[in-house]
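Visitor: I would like a short tour of this model. Where do we begin?

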2 protein chains.
Amino acid sequence: MSGFVSHFTNRLDAKGRVSIPAPFRAVLARDGFEGLYCITSAHCDAVDAGGNELLAEINKRSEAFAKLSPDHDALAVALFGASENPKIDGDGRMTISDMIRDHAGITDQVTFVGMNYKFQIWEPAKFREYRAEAQRRALAMLSGQAPVPSQGEPA
Amino acid sequence: MSGFVSHFTNRLDAKGRVSIPAPFRAVLARDGFEGLYCITSAHCDAVDAGGNELLAEINKRSEAFAKLSPDHDALAVALFGASENPKIDGDGRMTISDMIRDHAGITDQVTFVGMNYKFQIWEPAKFREYRAEAQRRALAMLSGQAPVPSQGEPA
DNA sequence: TGGGTCCTTATGGGATACCATGGGAAAACA
DNA sequence: TGTTTTCCCATGGTATCCCATAAGGACCCA
């Protein structure tokens with residue numbers, strides 16, 4: 001059963017809402033998470049989004065340290081403090097919060113990028129830029145050296 | 001369903017009250033704790049807050065030492081002496097006690113930071129500072145850690 | 001193959017509910 | 001009796017719910 005694939009660009013309306021691409025909604029429905037789990041990416045101007053599968057990934061990371069310890073607190077702030085649970089309305093839309101808007105530099109359009117177990121939320125121009133760079137790197141990796149450790153589908 | 005997530009900044013009113021963010025109230029309601037459990041953090045200028053899940057974590061800590069032992073007594077004093085049970089009024093507000101105010105250096109605004117099983121209460125400026133540091137540490141911690149099966153992330 | 005119909009999807013907008021906040025009055029306290 | 005706490009209500013702004021519409025695609029049928 002496949003996860004989030006392909007990418008879509010939708011418009012924000014006057015209220016700051018945007019339609020989540022229908023194929024992504026279908027994946028979320030299968031996943032069973034109430035609403036959407038979002039977390040700002042630590043290493044690029046995008047927001048990771050998904051359901052239980054993404055949340056499990058985050059939890060796994062934070063469980064590596066004992067609760068109430070300074071390390072765990074710092075990690076929890078960085079992970080959960082930078083997360084959100086937007087609701088999805090009856091028409092399949094979410095509202096882009098200020099946190100997401102600021103982190104991703106979104107103004108009037110949003111690009112949703114499937115990444116199998118999660119998807120990312122981008123400002124369209126920044127995504128095009130990032131994508132071109134990613135393709136260059138992928139090409140270099142593929143042509144340059146030994147088999148890529150392919151434990152997932154090639155994005 | 002996930003726990004305390006995201007962060008919110010609210011104003012104190014003239015009576016020293018502040019609204020607990022609605023999403024946090026929803027988590028507390030699910031948790032079933034009457035009111036709120038607060039304890040000053042031992043290693044930063046913040047106050048830990050939550051319900052039964054936080055309390056259980058603290059109990060687990062103190063149970064690691066034999067009761068009646070000097071160690072246990074000292075820990076109990078440190079833990080429960082630094083604790084409070086503020087009430088939550090009908091409008092979802094709590095009063096910031098002097099202990100919390102002093103420990104966190106709060107004046108007129110409060111930042112609530114979700115950390116999954118608990119949340120923290122911060123003075124906004126101090127939080128921004130801590131958050132920047134936490135993100136650096138988290139990045140280091142996560143990248144040094146045993147490889148999380150990163151299927152797809154082109155980073 | 002061409003045309004028509006139905007359904008899904010993205011988007012817009014009005015009405016309503018919720019939430020943070022302020023303040024008054026009753027109650028408890030000292 | 002003065003002071004603080006607790007309960008209750010008011011309000012402005014925002015988010016949520018609900019309905020409308022247009023465009024595109026799938027499907028069916030001739």
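Visitor: In which hand does helix 2 of chain A pass helix 3 of chain A?
Guide: This is a predicted model. In it, helix 2 spans residues 52-62 of chain A and helix 3 spans residues 70-80 of chain A. The crossing of helix 2 of chain A past helix 3 of chain A is right-handed.

Visitor: Which residues of helix 3 of chain A make the contact with helix 2 of chain A?
Guide: Both helices contribute named residues. Helix 2 of chain A brings I58(A), N59(A), R61(A) and S62(A). From helix 3 of chain A come H72(A), L75(A), L79(A) and F80(A).

Visitor: Are helix 2 and helix 3 of chain A roughly parallel or roughly antiparallel to each other?
Guide: Start with the angle. The two helices of chain A pack at about 160°, with their axes 10 Å apart. Angles over 145 degrees count as roughly antiparallel. Helix 2 of chain A is therefore, relative to helix 3 of chain A, roughly antiparallel.

Visitor: How do the residues of that contact in chain A divide by class?
Guide: Take the contact of helix 2 of chain A with helix 3 of chain A. Its residues divide into 4 nonpolar, 3 polar and 1 charged.
Leucines L75(A) and L79(A) are among the contact residues. The full division is 4 nonpolar, 3 polar and 1 charged.

Visitor: In chain B, at what angle do the axes of helix 2 and helix 3 cross?
Guide: Helix 2 of chain B covers residues 52-62, and helix 3 of chain B covers residues 70-81. Helix 2 of chain B passes helix 3 of chain B in a right-handed crossing. Their axes come within 10 Å and cross at roughly 160°.

Visitor: Which residues of helix 2 of chain B make the contact with helix 3 of chain B?
Guide: Helix 3 of chain B supplies H72(B), L75(B), L79(B) and F80(B). By class, the residues of this contact are 4 nonpolar, 3 polar and 1 charged. Helix 2 of chain B supplies I58(B), N59(B), R61(B) and S62(B).

Visitor: Now the DNA. How many residues surround DNA strand C?
Guide: The closest are K15(A), R17(A), R93(A), K15(B) and R93(B). Sugar and phosphate make up 46% of the strand C atoms that come within 4 Å of the protein. By class, the residues of this surface are 6 nonpolar, 4 polar and 14 charged. The number surrounding DNA strand C is 24.

Visitor: Which residue has a side-chain N or O atom 2.9 Å from a phosphate oxygen of DNA strand C?
Guide: Base oxygens of DNA strand C are approached too. The side chain of R17(A) has an N or O atom 2.8 Å from one. A polar side-chain atom of R93(B) lies 2.8 Å from a base oxygen of strand C. For the phosphate oxygen at 2.9 Å, the residue is R25(B).

Visitor: Which residue puts a side-chain N or O atom 2.8 Å from a base nitrogen of DNA strand D?
Guide: K15(A) has a side-chain N or O atom 3.3 Å from a base oxygen of strand D. T95(A) has one 3.4 Å from a phosphate oxygen of strand D. The base nitrogen at 2.8 Å is paired with D91(B).

Visitor: How many charged residues does the surface near DNA strand D have?
Guide: Sugar and phosphate account for 19% of the strand D atoms within 4 Å of the protein. The surface has no nonpolar residues and 1 polar residue. Its charged residues number 10.

How values were computed: Residues are numbered from 1 along each chain as its sequence is written. Chains are lettered from A and ligands numbered from 1 in the order in which they are written. This is a predicted model: local features need pLDDT of at least 70, side-chain atom pairs count only at pLDDT 80 or more; totals for chains, interfaces and linings use all residues. Side-chain values use heavy atoms; hydrogens and water are left out. Axes are lines fitted to C-alpha atoms, for helices over the stretch in contact, and angles run from 0 to 180 degrees between N-to-C directions. Helices (H or I, at least four residues) and strands (E, at least two) are DSSP runs, numbered from the N terminus. A crossing is left-handed if the near helix is turned anticlockwise from the far one by less than a right angle, and right-handed if clockwise. Contact means heavy atoms within 4.5 Å. Ala, Val, Leu, Ile, Met, Phe, Trp, Tyr, Cys and Pro count as nonpolar, Asp, Glu, Lys and Arg as charged, and the others, Gly among them, as polar. A residue is near a molecule or strand if one of its heavy atoms lies within 4 Å of it. A polar contact is a pair of N or O atoms within 3.5 Å; within protein, one must be able to donate a hydrogen and the other to accept it, and residues adjacent in sequence count only if both atoms are side-chain atoms. Angles under 35 degrees count as roughly parallel, over 145 as roughly antiparallel, 65 to 115 as roughly perpendicular and the rest as oblique.
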